[in-house]
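Got your viewer open? Let's go on a short walk, one selection at a time.

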Amino acid sequence: MRVLILGIDGYIGWTLAQRLVSKGHDVYGADNFFTRRRVKEVGSESVLPIPQMSKRLTGFKDFYGKDVGFFRGNVADPKFMYRIMEQVGPDAIYHLAEQRSAPYSMIGLKQANETMVSNIVSTMNLVYASKDLNPDVHIIKLGTMGEYGTPNIDITEGFIEVEFRGRKDTMPFPRNAGSWYHWSKVHDSNNLMFANRLWKLKITDIMQGVVYGTATKEIEVSRLFTRFDIDEVWGTALNRFVAQAIAGLPITPYGRGNQKRGFLSLEDSVTCLSIALEKPPGEGEYRILNQFDQYYSVNFLAETVKEAYEKVTGMKAEIKHVENPRVEAEDHYYNPDHRKLQELGYRPSGELKKDVERMISDLMDHRERCVNLRSVIMPKTFWKRSSGI
Ligand code: USQ
């Protein structure tokens, strides 16, 4: 298939490109290097060194023997979106090109607005360009499990049957996000659902959990690494915990650390994303997939990293609960469904402990870089202190 990946320079985009080319698809990509710029702004960088795009593309061609058609530009610009849609004429488009950090969106009004505008507008551009130029394209849009929040009832995959005052209906599962970033994804889901109702576009809206890991089976061989962020704005829980241990800093569950989230490895993330492509929804269908392997508490993950680090390196790691910079429940019920991907053939690839040990070995090669980033690892972005103009 001809596949266009919006956000091909990112953590998942670059990894997915390698999976799809390995499976024989023709891959095109777009990126405006937003993440590279914004990560630099907070004084950080990817711990796994990543070369400039031109070098990445040459390395890709050398290893896989196939070019990736690359477009530099911003998908929040409608002209750019229409141009690439027209030039590529894809069978499927992955939209991975949104601002992806909850803490970034909570720094202040500027970042909140930037997140809202670029995320919502890019998805609007995508549905209009699809409708106008390529109405049969399959849109695979990355949303987040965080759209649901942590309700005190089981979470379904997108829709819930409701009985109220003697009448029944199937309705979108209530969304209750916990950052401006997560709310921007809720707004995207609403807009996608409506675009599907209007124009019968074929859409997979993916509610993905937190992704962790340094590599996939392709990267292990190609050595064409993807980015790996560990700072308090751009790094995510498990990846940060591993880097904290390596940098000689305490592992930091926020608050009581009993908050639970769905997690999956990078390997599983690209597996699920390629299943979504190869097992598409029906014509005119809008489907929601909850994409994660298992859910864990932050405390459990901190303990797992501590144990693995001590086993692999023979050195001590410390866990330290720090003031929670977020406004979120720290003790809550959590039981989200995640059956649909399994029904489509997804089987988790590994075991958490082994994955974590593997990450530790990969990152020990870059210990120096983790140590150099110590000053940007501890939390500084507090939801309640988000600044106005
Ligand atoms: N957490 C800690 N200590 C840390 C970092 C995080 O306890 O050092 C806690 C947070 O308080 C939160 C949980 O870990 O309860 C997850 O935080 P995170 O930073 O790993 O993930 P989050 O901000 O939710 O966002 C990440 C990605 C986002 C994706 C989302 C999936 O950045 O793009 O959409 O995971 S999910 O969490 O399922 O919504």
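Here is a tour with three stops: the ligand, a strand and a helix. Keep in mind along the way that this model is predicted.

**Stop one: the ligand**

Select the ligand, then show the residues around it. There are 22 of them, and Arg100, Thr144, Tyr181, Ala237 and Glu328 come nearest. Try colouring this shell by class: you should get 9 nonpolar, 8 polar and 5 charged residues.

Now zoom in on some polar atoms. Pick Tyr181 and look at its side chain, where an N or O atom is 2.6 Å from an oxygen atom of the ligand. Next, click on Thr252; here a polar backbone atom sits 2.7 Å from a nitrogen atom of the ligand. Then go to Arg261, whose side chain has an N or O atom 3.4 Å from an oxygen atom of the ligand. How much of the ligand's surface does the protein bury? Taken alone, the ligand exposes 730 Å², and the protein buries 94% of that.

Which helix gives the largest share of the shell around the ligand? Select helix 9: with 3 residues, helix 9 is the answer. Helix 9 covers 237-247, and both helix 9 and helix 7 (180-199) supply at least two residues of the shell.

**Stop two: strand 8**

Select residues 202-208, which make up strand 8; 7 of its 7 residues are buried. In a regular strand, side chains alternate between the two faces of the sheet. Here, you can colour Lys202, Thr204, Ile206 and Gln208 for one side, and Ile203, Asp205 and Met207 for the other; both faces are covered.

Add the neighbours. Strand 5 (residues 138-144) pairs with strand 8 in the parallel sense over 7 bridges. To see where they line up, find Ile140, opposite Thr204 in strand 8. Strand 11 (residues 286-291) also pairs with strand 8 in the parallel sense, over 6 bridges. For this pairing, find Asp205, which stands opposite Ile288 in strand 11.

**Stop three: helix 1**

Last, select residues 11-22, which form helix 1. From its first C-alpha to its last, helix 1 reaches 18 Å, close to the expected 16 Å. Is helix 1 mostly enclosed or mostly open? Of its 12 residues, 11 are buried, so helix 1 is largely enclosed by the rest of the structure. Among the buried ones are Trp14, Leu16 and Arg19. Finish by clicking on Gly24, just after the helix, which takes a positive phi of about 95 degrees.

Terms used:
Residues are numbered from 1 along each chain as its sequence is written. This is a predicted model: local features need pLDDT of at least 70, side-chain atom pairs count only at pLDDT 80 or more; totals for chains, interfaces and linings use all residues. Side-chain values use heavy atoms; hydrogens and water are left out. A residue is near a molecule or strand if one of its heavy atoms lies within 4 Å of it. A polar contact is a pair of N or O atoms within 3.5 Å; within protein, one must be able to donate a hydrogen and the other to accept it, and residues adjacent in sequence count only if both atoms are side-chain atoms. Accessible areas come from the Shrake-Rupley method with a 1.4 Å probe; for residues, only the protein chains shown count as cover. Helices (H or I, at least four residues) and strands (E, at least two) are DSSP runs, numbered from the N terminus. Ala, Val, Leu, Ile, Met, Phe, Trp, Tyr, Cys and Pro count as nonpolar, Asp, Glu, Lys and Arg as charged, and the others, Gly among them, as polar. Buried means under 20% relative accessible area, exposed over 50%, partly exposed in between (1.4 Å probe, protein chains only). Two strands pair if DSSP finds at least two bridges between them. The expected span of a helix is 1.5 Å times one less than its number of residues.
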